[in-house]
Amino acid sequence: MRRQPLPLLTLDRHRALPWWPLVVFSLACQPRAPARQPETVVLATDYAFQVPHEIPAGVVVFRFENQGKVPHEMALGQLRAGVTADSMLAYIAQGNDPGDLSDGVVGILIAAPGKSSLGTLSVRLLSGRTYMMICQFTDADSLPPHSAMGMQYSFVAQ
Ligand SMILES: [Cu+2]
C-alpha cells in the first residue's frame, strides 16, 4: 500500500500554503541585539575615586574617566567571601600580599589625564561580596603609589 503525502506538505495550485506564517516565524526567530547595559562611570581625580553610592549585583559595565593631571588606573579586585575592606587594608598595612585575601583581579581600566578609558569593563558582581578598586600608579620612584595617597575604594555589591 502506498502512502499519500501529508496534506500540509502538498504544494499545488489548489493547496498552496500561505506565505505569511513563514515570514512571521522567520522574523520572530531573528537574533536580537543584546540589551545594552547602562554604564557605571568611575571618576578619577588626583588622588581619589568618585563612585556611585550603590552598585548593584549582576552585570555592571564600568567606564573610567580621569579628571586628574596624571595617569590613573582602576584595578578592580574581588575579596574572598567574608573578607571586609577594613581587614584587607589592615592586612596590606602589615606588609602582607593582598592576593592572600582576594579571589583575584576582576579587571583593569586605564585612563590618561583628562581622558576616558578606551574601553569598558563588564563584570558580573556577586551579591553581598566586597570589591576593591585601587590605583597602583606612582608619579615618581620616590613617591608612594596612588593607593596610599587615597586612591582606594571598596563597595559591597547589593
Ligand atoms: Cu592613580
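Trainee: Over how many bridges do strand S4 (residues 72–79) and S5 pair in the antiparallel sense?
Mentor: This is a predicted model, in which local features need pLDDT of at least 70 and side-chain atom pairs count only at pLDDT 80 or more, while totals for chains, interfaces and linings use all residues. Residues are numbered from 1 along each chain as its sequence is written. Helices (H or I, at least four residues) and strands (E, at least two) are DSSP runs numbered from the N terminus, and two strands pair if DSSP finds at least two bridges between them. One bridge partner of Gln78 is Gly104 in S5, and the antiparallel pairing of S4 with S5 extends over eight bridges.

Trainee: Which strands stand at the edges of the sheet S5-S4-S7-S8?
Mentor: This open sheet has four strands with antiparallel pairing. Each edge strand has a single partner, so one side of it is left without a neighbour in the sheet; the two are S5 (102–111) and S8 (152–156).

Trainee: What is the average twist from one strand to the next in the sheet S2-S1-S3-S6?
Mentor: The pairing in this open sheet is mixed, and S1 and S3 (residues 58–66) pair in the parallel sense over six bridges. Axes are lines fitted to C-alpha atoms, for helices over the stretch in contact, and angles run from 0 to 180 degrees between N-to-C directions. The twist from strand to strand averages 35°.

Trainee: Where is confidence highest in the chain?
Mentor: The pLDDT, the predictor's confidence in each residue from 0 to 100, averages 86 over the chain. Its lowest mean, 62, falls in helix H1 (residues 20–28), and its highest, 97, in strand S2 (residues 48–50).
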